[in-house]
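Me: I'd like to learn how to read a model like this one, feature by feature. Could you walk me through it?

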Amino acid sequence: MMGQWVSLSVVIMLLAAFAGCRQANADNEGERLYQAACARCHGTTGEGGAGPAGALSRDLTDPEWQKTVRDDELRTLIQHGRGQMPAFSDALSLDKIDKIVKHLRVLKRSEASDKPGSS
Ligand code: HEC
């Protein structure tokens, strides 16, 4: 009898955990779009160096560089591309590009701990 209750509560906990994940993904469209469109060159964390084209790109998590670019400049860059970076204006709506720009700001590593990968 006891065992049944235990497994029932495990099932309920798992269902709750799954529901939580789905929620997080829905809220994080910018991250999903980034992983789908950008990570193959800029890496999953934005530090870059993924593939031959990625090696030509800077570390997108660099806080010093992030200070020098405005959101609208990032949007224009993603729309039109530059050098080896393709244009995304056909593939992604403006709304989606804006979500990716927001995600780039999330990728910025904190200035206090100037260590790559710590966020
Ligand atoms: C095919 C590989 C590739 C893909 C895919 C790609 N990029 Fe790039 N990206 C590059 C390269 C190469 C550069 C450097 C371009 C240059 O300045 O010559 C770059 C530059 C950038 C820069 C500018 C950095 C600077 O120096 O100002 C940003 C921001 C950026 N990419 C964001 C993105 C985002 C966001 C996506 C996804 C929508 C993306 N990239 C997809 C290769 C790529």
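Me: Where is the place of Ser89?

Reply: Happy to start there. Ser89 sits in the loop between H6 and H7. Keep in mind that this is a predicted model.

Me: Is Ser89 buried, partly exposed or exposed?

Reply: The general idea is to count C-beta atoms around the residue: 20 or more within 10 Å means buried, 12 or fewer means exposed, and partly exposed is in between. Ser89 has 13 C-beta neighbours inside 10 Å, so Ser89 counts as partly exposed.

Me: Which residues is Ser89 in contact with, leaving aside its neighbours within four places in sequence?

Reply: Those are Gln79 and His80. You can also look at C-alpha separations: Ser89 and Arg75 are 14 residues apart along the chain, with their C-alpha atoms separated by 9.7 Å.

Me: Arg75 caught my eye. How far is the C-alpha atom of Arg75 from that of Asp98?

Reply: Their C-alpha atoms are separated by 6.6 Å, although the two residues lie 23 apart along the chain. Asp98 belongs to helix H7. Asp98 has 17 other C-beta atoms within 10 Å, so this residue is partly exposed.

Me: What about a buried residue? Why is Leu60 classed that way?

Reply: Use the count again. Leu60 has 21 other C-beta atoms within 10 Å, and is therefore buried. Its location is the loop between H4 and helix H5 (63-68). Beyond four places in sequence, Leu60 makes contact with His42, Gly46, Gly48, Leu104 and Leu107. The C-alpha atoms of Leu60 and Lys108 are separated by 7.1 Å, with their positions 48 residues apart along the chain.

Me: Which residues form the largest nonpolar core?

Reply: A good way in is to follow the buried nonpolar residues. The largest core has nine residues: Tyr34, Cys38, Leu60, Ile78, Ile97, Ile100, Val101, Leu104 and Leu107. H7 gives the most to this core, with five residues. As for Tyr34, its contacts beyond four places in sequence are Ala39, Ile100 and His103.

Me: Now the ligand. Which residues come nearest?

Reply: There are 22 residues around the ligand, and Cys38, Cys41, Ser57, Gly83 and Met85 come nearest. To read the shell by chemistry, sort its residues by class: 14 are nonpolar, five polar and three charged. To read the shell by element, see which helices take part: helix H3 (39-42), helix H4 (51-54), helix H6 (71-80) and helix H7 (94-107) each supply at least two residues.

Me: What does Arg40 in helix H3 touch, not counting residues up to four places away in sequence?

Reply: Arg40 touches Ala50 and Gly51. The C-alpha atoms of Arg40 and Ala50 are 6.0 Å apart, and the two residues are 10 apart in sequence. Arg40 is partly exposed because 13 other C-beta atoms lie within 10 Å.

Me: Stepping back, how many helices and strands are there in the protein?

Reply: Seven helices and zero strands. Buried residues make up 13% of the 119 residues. Among contacts between residues at least 6 apart in sequence, 44% join residues at least 24 apart.

Me: And where is confidence lowest, and where highest?

Reply: Always check this before leaning on a detail. Helix H1 (residues 2-27) is lowest, at a mean of 66, and H6 is highest, at 98. The mean pLDDT of the protein is 85, with 81% of its residues at 70 or more.

Technical notes. Residues numbered from 1 in each chain as written. Predicted model: local features only at pLDDT ≥ 70, side-chain atom pairs only at ≥ 80, totals over all residues. Near = placed C-beta within 6 Å. Nonpolar A, V, L, I, M, F, W, Y, C, P; charged D, E, K, R; others polar. Core = buried A, V, L, I, M, F, W, Y, C linked by C-beta atoms within 7 Å. Contact = placed C-beta atoms within 7 Å. pLDDT = per-residue confidence, 0-100.
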